[in-house]
Amino acid sequence: MQSTAGLIHEVLPVGMLGCNCSILGDPATREAIVVDPGDDIQEIVAILNRHKLKVKTIVITHAHIDHIGGAHKLRAITGAPVYMNQSDTFLAEHLSTQARWLGVETPTNPGIDTLAHEGDILRAGLKEVHVLETPGHTPGSISLYLPTEQRLIAGDTLFKGSVGRTDLPGGDSAALARSIRAKLYALPDATIVYPGHGDATDIGTEKRSNPFVRA
Ligand SMILES: [Zn+2]
C-alpha cells in the first residue's frame, strides 16, 4: 500500500505474470482510475471498496493479455469506460492466441469505449493523468504521467534496469528507444517510475544506468 499526501496509489501485482495494476484515487472526491486490471478483479474491487473509491476510467497501457485480461469483468462491475489506444486493437482481437501461449482461458475482449491519444488528460477527481503515446513494445502502448505527483506508470515500455521486449507481434525496438528517449527521459529525473512488472525506479537512475537505452 502506498499513499502520499493527496494521492491514493495502490500497486497490486495481478495474474500469473505479475502485471502491476495501479489504482489511483483522489482522497478528496473518491474518484479513481484503474490501470491494467489484467486479472484478480476481486482483489482490485476489495481495494476500491476499502478506500471507498468510484472508478471513472479503466486504462489499458497495451493489449497484452496480462494487462487487459480482467478489463471486461471490471467494467461489468464498475460501469467505467475502457480507455486504450486504437493501434493495439489487433492484439485485443487475438486474445485467444495470447491465452494459448500462456495456457489460460481466453478472456473477453473489452473493446475500446474511449480512444487514447497523445496529450489526453484523464482525471480522478482533481488528480491529472497525462497520456503519452510510447509505441515500441506494442504499436499502441501508452504511458501515464502524473505531473503534480511526479509519477509515471510506464506499462511495459520501461523497466528497472531493462526495457520492454520487442520480439512479439507489432514490437519495434527502434520505436521503443525513440519513445523512451523522447517522451520518458524528457520527464524530471525525480519522477518515480512504476513499470508494468517488477520494482519501481526513477527516471534519473534509468537515464544514467539503463543498459538498453541510455539518455
Ligand atoms: Zn506487454
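Here a trainee asks a mentor how some terms apply to this predicted model.

Mentor: Residues are numbered from 1 along each chain as its sequence is written. Local features need pLDDT of at least 70 and side-chain atom pairs count only at pLDDT 80 or more, while totals for chains, interfaces and linings use all residues, and side-chain values use heavy atoms, leaving out hydrogens and water.

Trainee: What makes the arrangement around the zinc ion irregular?

Mentor: Start with the donors, which are N, O and S atoms within 2.8 Å of the metal (3.2 Å for Na, K and Ca); water is not among the atoms, so sites may look incomplete. His62 (NE2), His64 (ND1), His137 (NE2) and Asp156 (OD) lie 2.2 to 2.4 Å from the zinc ion, so they qualify as its protein donors. Four donors count as tetrahedral if all angles lie between 85 and 135 degrees; four count as square planar and six as octahedral if opposite donors are over 155 degrees apart and all others between 65 and 115; anything else is irregular. Here the 4 donor atoms subtend angles of 85 to 171°, which makes the arrangement irregular.

Trainee: Why is lysine 52 called exposed, and what is arginine 30?

Mentor: Buried means under 20% relative accessible area, exposed over 50%, and partly exposed in between (1.4 Å probe, protein chains only). Lysine 52 has 65% relative accessibility, so it counts as exposed. Arginine 30 has a relative accessible area of 31%, so the label is partly exposed.

Trainee: What is special about phi in arginine 30?

Mentor: Most residues other than glycine have a negative phi. Phi of arginine 30 is near 70°, a positive value in a residue other than glycine. Lysine 52 also has a positive phi, near 55°.

Trainee: How do you know which side of helix α3 the buried residues are on?

Mentor: Helices (H or I, at least four residues) and strands (E, at least two) are DSSP runs, numbered from the N terminus. In α3 (residues 71-78), the buried residues are Ala71, Leu74 and Arg75. They cover an arc of only 100° around the axis (taken from the directions from the helix axis to the C-beta atoms), which puts them on the same side of α3. Lys73 and Ala76, on the other side, are exposed.

Trainee: What is the largest nonpolar core made of?

Mentor: A nonpolar core is a set of buried Ala, Val, Leu, Ile, Met, Phe, Trp, Tyr and Cys residues joined through side-chain atoms within 4.5 Å. The largest has 29 residues, and Val34, Ile44, Leu48, Ile58, Ile68 and Leu74 touch the most other members. Helix α1 (residues 41-50) gives the most to this core, with 5 residues.
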